[in-house]
Amino acid sequence: MKYVDEYRDGALARDIAGRIREEVLPQKQYHFMEFCGGHTHAIFRYGIPDLLPDNLKMIHGPGCPVCVLPISRLDAAIELAVSHDVILCSYGDMLRVPGSRKRSLLKVKAEGADVRMVYSCMDALRIAAENPQREVVFFAIGFETTTPPTALVIRQARAQGLKNFSVYCNHLLTPAAISNILESPEVRDLGILPLDGFVGPAHVSTVIGSQPYHYFAEEYQKPVVIAGFEPLDMLQAILMLVRQVNQGRAEVENEFSRAVTFQGNLRARAVVADTFELRRSFEWRGLGEVPYSALRIKQEFAEFDAEKRFTVEYRSARENKACECGAILRGVKSPRDCSLFADPCTPENPLGSCMVSSEGACAAYYSYGRYRERTFATDRSHGATVKESAI
Ligand code: SF4
C-alpha cells in the first residue's frame, strides 16, 4: 500500500523507539498530551505505550468532538427532534451519546422522532431538498476540520433557495481548548497534571496550519509537534518532543509536513471566516466555559441558523455522577480510573460520551488497553496529582 506501508515499517519503528529510549533522561519524567482522539486510538492500536520508556507517559486530551459536547447542547438537539418535529440529521456517533434522563437521539428515534444518520452535511441538504414540506436541521459538530463543509453547505442552501434547511452549529476551536487545559480554574478542582508538551492535531492542522500554535508555544512555553496518524508519525513526534524538552526549547515543529503547511488551507479558512463568527464563550464537557472557543453562524446567514429559527431551551442537565468523562477529557484521570469502565460501560452500552465515539478515550482503552498490565500516565497509581476530593 503505497504511502501507508512506509509509515508502518516495523524495523524503522523499532529504530525510532530505540532512539527515544536512548535520549530520554533517566532522572526526568516526561508527560506529553495528544490532543486529538485519533492520536489516542493510533497510540493504542499500534502498541506504542509498550515501546516507550517507563518515565515517558502519553496523556489523552479533549480532542474528540462528540465527547466534549456538553449534555445541554445534546438535550437541545433532542428537543428539536421531539418538540419541534424537525428532521434532525447527525453523524452516527452523536446518536448514541446519552443525554440527561438517559435519553439519546437514538432512543427518541425509536419513540417516533424523525432522526436520521448522515455521513456528511450534504446528505442533510439533500434530505431538505427532497422534503420541502418539512424543516430539516443539521446537527453540526466538530473542530476546524468539519467546519468548512458546514460553511459550504449553508452557502449552497442559500444558492438553492432552500427555505426549510438550518444548521444547529456546535463547531469548536482547538487552540482555545489547549490553552484552557493549562490555565482554567477547573484545574484547581480536578487536580494538576504535569504537561511537558503536546502532539498537535493532524486533520485540524491541515486546515488551520501550524501558525496558530506558535503563540501558544511561546505564551505557555510548551513544545508542540504536529503529527500524522501512522505509527511512525507518532513515534517521530514523541522523539521530537523529547529532544525539545531536553534542549529546553518550546517551539512548534511540524512532523506532518506532507499534509500540513504554515498557513493551512487558505480557501477553507476564508469560507469559514465569511460564514461564521466567534462565540464569546462556549461550554465544553470537561473543560467548562471556554472563552472564544466556538463558532456561530453570522447574522447574514441567520435564516439557516437553527438557534435563531427555533426556540430551544437550555435546561441544566444532570450528568451520570459516576461517569468520569469530564476528568478524562482534561487528562487528569484515565478511563481505567472510572468504576463503570468495561462493566457496565462498554461501546455497546455506553454510559458516557467517551465510550461512544470512535475517537473517545474510553473506547480506545476498551478496544486496545483494558487488559494491559502497564499503568498509564493518568491511572490513579501513576503520574497525575489528583485531589482526593476529585476522585
Ligand atoms: S467508562 Fe463510561 S462511564 Fe466511565 S468515564 Fe468512560 S464513558 Fe464515562
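Helices are DSSP runs of H or I with at least four residues, numbered from the N terminus. In the predicted model described here, proline 344 lies in the loop that connects helix 17 and helix 18. A cis peptide bond, with omega of about 10°, links this proline to aspartate 343. Alanine 342 is placed in the loop between helix 17 and helix 18 as well; although not a glycine, alanine 342 adopts a positive phi of about 75°. Its relative accessibility is 31%, and alanine 342 is therefore classed as partly exposed, since that class falls between the limits of 20% for buried and 50% for exposed residues.

The two helices that flank this loop also border an internal space. Three cavities of 30 Å³ or more are present in the structure, and the second largest has a volume of about 80 Å³. Its lining comprises 13 residues, of which Cys323, Cys325, Cys338, Cys345 and Cys362 are the closest to the centre. At least two lining residues of the second largest cavity come from helix 17 (325–330), and at least two from helix 18 (353–356).

Helix 5 (residues 71–83) was examined next. Its 13 residues should span 18 Å at 1.5 Å a residue, and the computed separation of 17 Å between its end C-alpha atoms agrees with this expectation. Eleven of the 13 residues are buried, so helix 5 is largely enclosed by the rest of the structure. The buried residues include nonpolar ones such as Ile71, Leu74, Ile78 and Leu80, together with Arg73, Asp75 and Glu79. Just beyond the helix, aspartate 85 has a positive phi of about 55°.

In soluble globular proteins, nonpolar side chains tend to be buried together. The largest nonpolar core of the model contains 76 residues, and Leu88, Leu105, Phe139 and Trp284 have the most contacts within it. Helix 5 makes the greatest contribution to this core, supplying six residues. A separate core of 27 residues includes Val118, Ala151, Leu162 and Phe301. When residues up to four places away in sequence are disregarded, tryptophan 284 contacts Pro62, Val68, Pro70, Phe143, Leu172, Leu173, Ala177, Val290 and Ser293.

Strand pairing was also assessed. Strand 11 (residues 281–284) and strand 12 (residues 288–291) are antiparallel and are paired through four bridges, among them one between serine 281 and proline 291. Three residues separate these strands in a hairpin, and glycine 286 in the turn has a positive phi of about 90°. By contrast in direction, strand 1 (residues 30–36) and strand 2 run parallel and are joined by six bridges; glutamate 34 is partnered there with histidine 60 of strand 2. Strand 2 (residues 56–63) is mostly covered, with eight of its eight residues buried.

The largest pocket encloses about 730 Å³ of space. Its lining is made up of 36 residues, and those closest to the centre are Gly99, Ser100, Arg101, Lys102 and Arg103. Helix 5 and helix 7 (105–110) are the elements that give two or more residues to this lining, and helix 5 provides the most, with eight. Arginine 101 is situated in the loop between helix 6 (92–96) and helix 7. Phi of arginine 101 is near 55°, a positive value in a residue other than glycine. With a relative accessibility of 60%, arginine 101 counts as exposed, because the class requires a value over 50%.

Technical notes:
Residues are numbered from 1 along each chain as its sequence is written. This is a predicted model: local features need pLDDT of at least 70, side-chain atom pairs count only at pLDDT 80 or more; totals for chains, interfaces and linings use all residues. Side-chain values use heavy atoms; hydrogens and water are left out. Two strands pair if DSSP finds at least two bridges between them. The expected span of a helix is 1.5 Å times one less than its number of residues. Buried means under 20% relative accessible area, exposed over 50%, partly exposed in between (1.4 Å probe, protein chains only). A nonpolar core is a set of buried Ala, Val, Leu, Ile, Met, Phe, Trp, Tyr and Cys residues joined through side-chain atoms within 4.5 Å. Contact means heavy atoms within 4.5 Å. On a 1 Å grid over the protein atoms alone, a cavity is a set of points where a 1.4 Å probe fits but cannot get out, and a pocket is an open set with protein on both sides within 12 Å along at least five of seven lines; lining residues have an atom within 4 Å of a point. Grid points are joined across faces, edges and corners, and a volume is the space filled by probe spheres set on the points.
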